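Me: I'm new to this one. Could you take a close look at a single helix pair for me, and then show how it sits in the whole chain?

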Amino acid sequence: MQIRPATPDDLAAVGRVHAVSRNAAYAGLLPADALAQVTPARQEAVWRERMAEAPVRSALLVATYDGEVVGFTQGEARGDVAHLNALHLLPERHGGGAGQALHDALLGRFAGWGCSSARLYVVRGNERAQSFYRRNGWTHDETTGSHEVGGVVVPVLEYRRSLG
């Protein structure tokens, strides 16, 4: 496995991983018609737009096995607070270490940018993700919000973590 910065040539694969991961993770949490809107092509377009507008301190990292993108993470920082915006893997890669390696590499970037803390949002009910983040020192402080997925607004939980 290799963790490396994504290139524009990786964005189609990032879109595919994002769509497959969201559809697997959010099955039963979102209506099927909303999940049907989360396609590889739409997610690729989202990532092309996000990367074109990315702030200076941002990173999109991919995990590859034998040259195939199997996961990615994206984060950015403004001031001394970093934001882990996405961490997705192909479902068949869960438990193989790629998620942990992506997480650790992105947090290393955050620390290198001089950030003192980080935050992220998890869709309420996504127990796999919540468990992963708790194991990695993230805590939910009862802050909630919402996020749009496939045209549906879903509740999210905010997690925070010190980087010091």
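Reply: Sure, let's start with helix H1 (residues 11-25) and helix H3 (residues 40-52), which pack with their axes 7 Å apart at an angle of about 125°. Axes here are lines fitted to C-alpha atoms over the stretch in contact, and angles run from 0 to 180 degrees between N-to-C directions. That makes H1 oblique to H3, the label left over once under 35 degrees is roughly parallel, over 145 roughly antiparallel and 65 to 115 roughly perpendicular. The crossing of H1 and H3 is right-handed, meaning the near helix is turned clockwise from the far one by less than a right angle.

Who touches whom? On the H1 side, the contact (heavy atoms within 4.5 Å) includes Leu-11, Val-14, His-18 and Arg-22, and on the H3 side it includes Pro-40, Glu-44, Trp-47 and Met-51. By class, the contact has 7 nonpolar, 3 polar and 4 charged residues. Ala, Val, Leu, Ile, Met, Phe, Trp, Tyr, Cys and Pro count as nonpolar, Asp, Glu, Lys and Arg as charged, and the others, Gly among them, as polar.

A word on the source: this is a predicted model, where local features need pLDDT of at least 70 and side-chain atom pairs count only at 80 or more, while totals for chains, interfaces and linings use all residues. Residues are numbered from 1 along each chain as its sequence is written, and side-chain values use heavy atoms, leaving out hydrogens and water.

Zooming out, the chain has 5 helices and 7 strands, DSSP runs of at least four residues (H or I) and at least two (E), numbered from the N terminus. Along the sequence they follow β-α-α-α-β-β-β-α-β-α-β-β. The C-alpha atoms fill a box of roughly 40 × 40 × 30 Å along the principal axes.
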